[in-house]
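Biologist: Could you take me through one part of this model slowly, as you would at the bench with a coffee in hand? I would like to hear how the strands and helices sit together, and then how the charged side chains fit in.

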Amino acid sequence: MEPSKTAILLSHCPDAKGIIHTVTDFVLRNGGNITNLDQHVDHSERHFYMRMEWDLDGFSIPVDKIDEYFATLVANKLNMSWDIHFMDRRPRVAVFVSRYGHCLYDILSRFESQEWAIDIPMIISNHDKFQDLAERFNIPFHHIPITRKTKVEQEKAQLELLRRKHIDLIVLARYMQILSPEFTAQYADRIINIHHSTLPAFAGANPYGAAFARGVKFIGATSHYVTEDLDAGPIIAQDVIPISHRDSIHDMKRKGRDIEKVVLAKAVFAHINHKVLSYKNKTVVFE
């Protein structure tokens with residue numbers, strides 16, 4: 001499928017009258033055709049959010065000048081934060097993984113089937129377990145072991161790889177390492193993590209065993225942007241599934257892996273289609 005030649009504006013600003021009119025008028029006056037528009041007002045914060053997509057055929061402003069024109073004519077006047085994305089540009093995604101492969105397999109399946117219009121220039125792991133899998137998909141695999149003594153040096157090596165390959169998004173597909181604040185700061189709102197919903201109540205090395213012993217009635221998963229606060233970044237997607245007294249710990253782990261794959265996929269899909277706005281450690285996720 002040929003990618004559509006459209007632009008997407010993701011924006012937020014203090015709420016005021018006439019924002020939609022001002023923004024849409026910019027597109028219409030320059031020959032654009034708006035194909036999708038969604039907006040939300042957080043009345044408690046008095047803050048406005050919008051996602052707008054328009055066709056670039058016949059648009060009078062050159063693609064490399066749209067940011068400049070929009071800033072001058074619209075955004076600066078509204079005290080607006082914004083990003084403009086182009087749907088014919090495939091996001092470049094790096095996948096980080098450790099020893100658990102269920103999320104990695106799911107991502108590669110969606111990539112190979114072209115469900116997701118992305119490129120995956122690399123898989124990075126602190127173990128070599130999935131090197132053969134990466135080779136089957138013709139994706140470069142980088143084994144970068146990390147210890148407490150080598151963490152700073154190895155993160156620098158990772159960042160250099162990411163810069164060299166112009167990575168847009170990092171997906172932590174059960175990557176069992178804590179990224180440093182220096183690392184996360186360079187990819188703000190561009191690192192997506194997944195973890196089971198037993199956090200924070202059942203932390204530690206055996207969360208499902210602790211949840212089983214407590215007799216929990218549901219388990220789930222949370223996918224969020226990574227910040228320097230562990231597992232506390234802006235949430236993109238969550239879901240739960242029921243658990244009964246008939247479920248063993250093995251059943252809980254199997255169901256947990258299933259829900260992790262689905263929730264992570266929802267979060268990545270929303271991000272690569274430019275449907276997520278992050279503000280004050282919360283997100284607006286447009287349908």
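Modeller: Happy to; here is a walk through the four-stranded sheet, followed by some salt bridges, the cysteines and one loop residue.

Please keep in mind that this is a predicted model. Let us begin with the sheet, which is open and has four strands in the order 2-3-1-4, paired in the antiparallel sense. Its edges are strand 2, covering 33-42, and strand 4, covering 81-86; each has a single partner strand, so one side of each has no neighbour in the sheet. On average, neighbouring strands here are turned by 10° against each other, direction ignored.

Now to one pairing within that sheet. Strand 3, made of residues 47-55, runs antiparallel to strand 2, and nine bridges link the two. Within this pairing, Asn36 stands opposite Glu53 of strand 3.

Two helices pack on the sheet. Helix 1, residues 19-29, touches strand 1 (6-14), strand 2 and strand 3, and its direction makes about 20° with that of strand 3. Helix 2, residues 66-78, is in touch with strand 1, strand 3 and strand 4, and its direction makes about 155° with that of strand 4.

Your charged side chains come next. Side chains of opposite charge can pair when their charged atoms come close. In this model the count comes to 14 salt bridges. One of them brings us back to Glu53, whose side chain meets that of Arg51 at 3.9 Å, N to O. How accessible are these two partners, buried or exposed? Arg51 is buried, since its relative accessible area is 5%. Glu53 has a relative accessibility of 14%, so this residue counts as buried too.

A second salt bridge joins Arg110 and Asp106, with 2.7 Å from N to O. Both residues belong to helix 3, residues 102-112, where they sit four residues apart, about one turn of the helix. Arg110 and Asp106 are both buried.

The third pair is Asp239 and Lys266, whose side chains meet at 3.5 Å, N to O. Asp239 lies in strand 11 (residues 235-242) and Lys266 in helix 8 (residues 249-272), so this salt bridge ties together parts that are 27 residues apart in sequence. Asp239, at 30% relative accessibility, counts as partly exposed. Lys266 is partly exposed as well, with a value of 42%. Returning to helix 3 for a moment, salt bridges with shared partners join Asp106, Arg110 and Glu115 into one network.

Since you may wonder about the cysteines, the count of disulfides comes to zero. Cys13 is buried, with a relative accessible area of 1%, and Cys103 is buried with a relative accessible area of 1%.

One last stop is a residue in a loop. Asn30 lies between helix 1 and strand 2, so we are back beside the elements we began with. Its relative accessible area is 18%, and because the cut-off for buried is under 20%, Asn30 counts as buried. Leaving aside residues up to four places away in sequence, Asn30 touches Gly58, Phe59, Ser60 and Ile61.

Technical notes:
Residues are numbered from 1 along each chain as its sequence is written. This is a predicted model: local features need pLDDT of at least 70, side-chain atom pairs count only at pLDDT 80 or more; totals for chains, interfaces and linings use all residues. Side-chain values use heavy atoms; hydrogens and water are left out. Two strands pair if DSSP finds at least two bridges between them. Axes are lines fitted to C-alpha atoms, for helices over the stretch in contact, and angles run from 0 to 180 degrees between N-to-C directions. Contact means heavy atoms within 4.5 Å. A salt bridge is a side-chain nitrogen of Lys or Arg within 4 Å of a carboxyl oxygen of Asp or Glu. Buried means under 20% relative accessible area, exposed over 50%, partly exposed in between (1.4 Å probe, protein chains only). A disulfide is a pair of cysteine sulfur atoms within 2.5 Å.
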